[in-house]
Amino acid sequence: MNAKTAAGKRPRMALLVHGNEAVVSSLQDALSERGFVTVVAQDLASALSAITTHYFEVAIVSSQLAGGGDGWHLAGVLHLVFPKAVVCVISLTEPDVLALQAAINYGVREVYQQSRPAPEMISSILRQLEHSSRSSTARIAARRMRFG
Amino acid sequence: MLTKRSILLVDDENSILETLRLVFEREGYEVATAKNSTEAVGLISGNGRFDAVITDLNMEEEDIGLEVARAAMKSKPRPAVVICTGFASMANSRAALEMGVDYMAHKPVELNDLISALNRLISRHREWGERG
């Protein structure tokens, strides 16, 4: 965990599941700059352990997990456990039609090619998070108007 | 109390529409059908309140099913939205992902996968609806 958080305020948490140290480091820096505390998991077992102990608003998962394991499947689990979180997958290759469809079916918001600069990925993820938050607020307001 | 699940099926091929109707009626769904996007959007924006909408992509126009999906995503409460297509491309898959479509199935559709995905999505949508 590497971001400073305001006293008394619950930190915004991000889960990063990736085995490549350079990728982890650049994403962690970009997340930290945007005020997120990052939990890094290098494999499936440590990712599952992190799920049971934290609430995540953002999850970024490698499509191929270190030590074997399907990153897509883990992303699907993360979407089920944290339905309001923005869950994204990082792929070594440029996403193709099958990757986009897997993203839809696993509840993944976006697939990024690993070569994309980390600050760009994080900006894109945070835009989606903001959009979800606005939609959720609008839904609650609409329900309040309907039910008084 | 759980109400009967309702579904709108949209496809310009009669045989597919009738097959899916039989399948989903047997699964206990209340089924409505539409043979083109105009009819489908009319049902969605009218009084029809659906738990799920399954739409083909290419009907009277290429990728017109995305318009059906878009209309369904706007309706409240939002139904689970599924696209079934034999013609997935980067453009229509990207559009579906950005729109937030819940499931994309390839034709010929594996019915057991489709039914289980749909049951899971509807349960989750109902749960979210109750939570607000």
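In this predicted model, Ser37(B), Ala40(B), Val41(B), Ile44(B) and Ser45(B) of helix α2(B) meet Gly65(B), Glu67(B), Val68(B), Ala71(B) and Ala72(B) of helix α3(B). Sorted by class, this contact of α2(B) with α3(B) comprises six nonpolar residues, three polar residues and one charged residue. Helix α2 of chain B spans residues 37–45 and helix α3 of chain B spans residues 65–74; their axes lie 9 Å apart and make an angle of about 0°. Because angles under 35 degrees count as roughly parallel, α2(B) and α3(B) are described as roughly parallel to each other.

Helix α3(B) has a further helical partner in α4(B), made up of residues 90–99 of chain B, and the axes of these two helices come within 11 Å and cross at roughly 0°. Here too the angle places the pair in the parallel class, so α3(B) and α4(B) are roughly parallel to each other. On the α3(B) side, Leu66(B), Ala69(B), Arg70(B) and Met73(B) take part, and they meet Asn92(B), Ala95(B), Ala96(B) and Met99(B) of α4(B). The residues of this contact divide into six nonpolar, one polar and one charged.

We turn next to the sheet of chain B. Five strands form this open sheet, with parallel pairing, in the order β2-β1-β3-β4-β5. Strands β2 (30–34) and β5 (103–106) of chain B stand at the edges, where each has a single partner strand, so one side of each is left without a neighbour in the sheet. From one strand to the next, the twist averages 20°. Within the sheet, strand β3 (residues 52–56) and strand β4 (residues 80–85) of chain B pair in the parallel sense over five bridges, and Ala52(B) stands opposite Ala80(B) in β4(B). Helix α1 of chain B, residues 14–26, packs on the sheet and touches β1 (6–10), β2 and β3 of chain B. The direction of α1 makes about 170° with that of β2(B).

The nonpolar interior completes the picture. The largest nonpolar core holds 75 residues, and those with the most contacts inside it are Ala103(A), Leu8(B), Val53(B) and Val82(B). Helix α4 of chain A, residues 97–106, gives the most to this core, contributing six residues. For Ala103(A), leaving aside neighbours within four places in sequence, the contacts are with Val89(A), Val108(A) and Val111(A), together with Leu97(B) of chain B.

Methods: Residues numbered from 1 in each chain as written. Chains lettered and ligands numbered in written order. Predicted model: local features only at pLDDT ≥ 70, side-chain atom pairs only at ≥ 80, totals over all residues. Core = buried A, V, L, I, M, F, W, Y, C linked by C-beta atoms within 7 Å. Buried ≥ 20, exposed ≤ 12 C-beta atoms within 10 Å, placed from the backbone. Helix = DSSP H or I, 4+ residues; strand = E, 2+ residues; numbered from the N terminus. Contact = placed C-beta atoms within 7 Å. Axes fitted to C-alpha atoms, helices over the stretch in contact; angles between N-to-C directions. Parallel < 35°, antiparallel > 145°, perpendicular 65-115°, else oblique. Nonpolar A, V, L, I, M, F, W, Y, C, P; charged D, E, K, R; others polar. Pairing = 2+ DSSP bridges.
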